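Me: I am new to this structure and should be grateful for a close look at a single part of it. Please take one sheet and describe how it is put together and what lies against it.

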Amino acid sequence: MDFLSEHQPELLPGKRQLPPTQGVIEAPHGTTIVAVTFPGGVVLAGDRRATMGNMIAQRDIEKVFPADEYSAVGIAGTAGLAVEMVKLFQLELEHFEKVEGAQLSLEGKANRLSTMIRSNLGMAMQGLAVVPLFAGYDVDREKGRIFSYDVTGGRSEETGYAATGSGSIFARGAMKKLFREDLTEEQATTLVVQALYDAADDDSATGGPDVARRIYPIVTVITEGGFRRLTDEESSGIARSILERRLEQPDGPRAALL
Amino acid sequence: MSTPFYVSPQQAMADRAEYARKGIARGRSLVVLQYADGIVFVGENPSRALHKFSEIYDRIGFAAAGKYNEYENLRIGGVRYADLRGYTYDRDDVTARGLANVYAQTLGTIFSSAAEKPYEVELVVAEVGETPEGDQIYRLPHDGSIVDEHGSVAVGGNAEQISSYLDQRHQDGMSLAEALKLAVQALSRDTNGTQREIPAERLEVAVLDRTRPQQRKFKRIVGRQLARLLETDGASTEAESSEEE
């Protein structure tokens, strides 16, 4: 990173001068990302829609990326900038690992991402914000952890579950009612897809499972064994079973009143 | 006032080469061999932390004999070069040939510049391909030349003796355990022909394994896995090495 800023600063985001513009720049935006911890790991998932104003820009965008073996980033906000940020973040983690011969701590990774978001503040003020969700398995503490961010790079660790993006309000509500401390990995992956379904239900910018085109949410699991992305069969299986239950109960599972 | 002696350029270069060669010969040698599923690096290294072999990029590995601070410097330079290339263009655009060229330029410049002392290092840059035919191994001696090697290569102390031993015995399509054993045999032969024992704890072993599902093919072989590979007979290793992942 320091090497890059010395030798080829034009490759770094946040170092470019923007011409003054009137109004908002139209660019594809990614929408909802959710994460849930369970004993032994963490699940990070995202829907597949990108929107540009009131138009759907892309139906099958991928917004959850492995950062390294034990962590992943889900991106909400301006897709182009976010993807570049993730690419640079991946590069930095890998570079550090190779040069130092050891991985950064999970805190270190989270802090690094925070600085990168802050460097995008100028763009964010012009409507091109990037707000990722960072999740990883902490090898030292032996548990999954989630970090959420705001546009200014403010970082906060979340306990249990977190969401970011336009549908996050609805997703968070769903997760609040469904989350328990003793989820299994399978239950956790079902929970995130439920939450994404609820987000898509109420937020026009979030895409639900698209059965006709076979586009299903991206679900990733990070445990002691490392990062794993659920195969299309697995995620379509979860999405289909949820869909089936929702045909009878459109609002999804009901929590107890008291 | 003293007048400097005239030293002919030939003599000056020969002296520098002699200096570098002596420095390299002080270190322990290491070998790089092709085997059926990739390329294996084997060397004697009492240290667990100061590695002789390391990962440069997805398919590219690095091995060095000689002075630690000098090759570490070159290694970090190589990682920077590769990461910058891969970030600017694409991961596929980082090749061992390009990296070997950069190293050759660096070593050559340092070797012939009068202001600096020549680096006492000898490097190997290896890239594993999709098939054994696609494997590339480059040896870079201290003076900045490049040698394109096939099958096996040895650098360091008594490299000549070891490589002639390996040339006679190395075959294409060896299993990992076979290649590893051959490498250890070659390394444990002393200059006077006697055999000595190198315990597994003193071995540093790494592979570029083309069968690895991950993008990054470099992997260190340590502990139990190493012991198992050293114990097994050549015949029964195929299945075992594939289930390691």
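Reply: The model shown here is predicted. The part chosen is an open sheet in chain B, made of 5 strands in the order β8-β1-β2-β9-β10, with antiparallel pairing. At its edges stand β8 (152-155) and β10 (218-221) of chain B; each has a single partner strand, so one side of each is left without a neighbour in the sheet. Neighbouring strands of this sheet are turned against each other by 20° on average, with direction ignored.

Within the sheet, the pairing of β1 with β2 can be followed in detail. Strand β1 (residues 30-35) of chain B runs antiparallel to strand β2 (residues 38-44) of chain B, and 6 bridges join the two. One position to find in the view is B:L33, which stands opposite B:V40 in β2(B).

A helix also belongs to this picture. Helix α5 (residues 176-187) of chain B lies across β1, β2 and β9 (203-209) of chain B. Its direction is at about 30° to that of β2(B).

Chain B also touches chain A, and the contact takes 9 residues from chain B and 8 residues from chain A. On the chain B side, the most is given by helix α2 (residues 68-88) of chain B, with 7 residues. The residues on that side of chain B divide into 4 nonpolar, 2 polar and 3 charged.

Notes: Residues are numbered from 1 along each chain as its sequence is written. Chains are lettered from A and ligands numbered from 1 in the order in which they are written. This is a predicted model: local features need pLDDT of at least 70, side-chain atom pairs count only at pLDDT 80 or more; totals for chains, interfaces and linings use all residues. Two residues are in contact if their C-beta atoms, placed from the backbone, lie within 7 Å. Helices (H or I, at least four residues) and strands (E, at least two) are DSSP runs, numbered from the N terminus. Ala, Val, Leu, Ile, Met, Phe, Trp, Tyr, Cys and Pro count as nonpolar, Asp, Glu, Lys and Arg as charged, and the others, Gly among them, as polar. Two strands pair if DSSP finds at least two bridges between them. Axes are lines fitted to C-alpha atoms, for helices over the stretch in contact, and angles run from 0 to 180 degrees between N-to-C directions.
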